[in-house]
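Please find below my notes on this entry, set out as numbered points. They begin with the sheet and move on to single residues, the chain as a whole and the packing of side chains.

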Amino acid sequence: MVLRPPVEPMLARAYARDQLPTPGTLPGDLVVQPKFDGYRALVFTPFPGPGPVLIQSRRGSLIQSRFPDLARAADRLPEGLVLDGVM
């Protein structure tokens, strides 16, 4: 199976809490991490290669032209890889 943009990423939900849960209180050894500002993006390496690396915003726009250094770095990743994260 090959994923191609646009892909709708799952978004985190904010829950109002007075304090963070203590370690071991969340099921499945989940970890809490604060959200820092940045761009949510999905990086798609070509499959089959060669081809361009595509970077998709969380709203579905292709934004690799805005981040050429990230696209060049992702060009060294394995073919058919999809990375989801904040940059």
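1. The sheet. In this predicted model, three strands form an open sheet in the order E2-E1-E3, and their pairing is antiparallel. Strand E2, residues 54–57, and strand E3, residues 82–86, are the edge strands, each of them pairing on one side only. From one strand to the next, the twist averages 20°.

2. The pairing of E1 with E2. Strand E1, which covers residues 40–44, runs antiparallel to E2, and the two are paired over 4 bridges. Across this pairing, valine 43 stands opposite isoleucine 55, a residue of E2.

3. The surroundings of valine 43. When neighbours within four places in sequence are set aside, valine 43 is in contact with Val53, Leu54 and Ile55, with Leu70 and Ala74, and also with Leu81, Val82 and Leu83.

4. Serine 57. Is this residue of strand E2 buried or exposed? Serine 57 has a relative accessible area of 14%, and because the cut-off for a buried residue is under 20%, serine 57 counts as buried. Apart from neighbours within four places in sequence, the residues in contact with serine 57 are Arg40 and Ile63.

5. The chain as a whole. The protein chain contains 1 helix and 3 strands, and its elements follow one another from the N terminus as β-β-α-β. Of the 87 residues in the protein chain, 18% are buried. The accessible surface of the protein chain is about 7300 Å², and carbon and sulfur atoms account for 57% of that surface. Among contacts in the protein chain with a separation of 6 or more, 60% are between residues 24 or more positions apart.

6. The aromatic pair. The structure holds 1 aromatic pair. The ring centres of tyrosine 39 and phenylalanine 67 lie 5.4 Å apart with the ring planes at 70°, and the pair is therefore edge-to-face. This pair links distant parts of the chain, since tyrosine 39 belongs to the segment before E1 and phenylalanine 67 to the loop between E2 and helix H1 (68–74), with the two residues 28 residues apart. As for the accessibility of the two partners, tyrosine 39 is partly exposed at 45% relative accessibility, whereas phenylalanine 67 is buried at 17%.

7. The nonpolar core. Which residues make up the largest nonpolar core? This core has 8 residues in all, namely Ala41, Val43, Val53, Ile55, Ile63, Phe67, Ala71 and Ala74. Strand E1 and helix H1 each supply at least two residues of this core. Phenylalanine 67 thus appears both in the core and in the aromatic pair, while valine 43, another core residue, is in contact with Ala74 and Ile55 among others. As general background, nonpolar side chains in soluble globular proteins tend to be buried together.

8. Cis peptide bonds. Most peptide bonds are trans, and I would therefore ask the authors to comment on the following two sites. The peptide bond from proline 5 to proline 6 is cis, with omega near 0°, and proline 6 lies in the segment before E1. Phenylalanine 47 and proline 48 are likewise joined by a cis peptide bond, with omega about -10°, and proline 48 is located in the loop between E1 and E2.

Note on methods: Residues numbered from 1 in each chain as written. Predicted model: local features only at pLDDT ≥ 70, side-chain atom pairs only at ≥ 80, totals over all residues. Heavy atoms only, no water. Pairing = 2+ DSSP bridges. Axes fitted to C-alpha atoms, helices over the stretch in contact; angles between N-to-C directions. Buried < 20%, exposed > 50% of the residue type's maximum accessible area, 1.4 Å probe, protein only. Contact = heavy atoms within 4.5 Å. Areas by Shrake-Rupley, 256 points an atom, 1.4 Å probe, with all protein chains shown as cover. Phe/Tyr/Trp six-rings, centres within 6.5 Å; stacked < 30°, edge-to-face > 60°. Core = buried A, V, L, I, M, F, W, Y, C linked by side-chain atoms within 4.5 Å.
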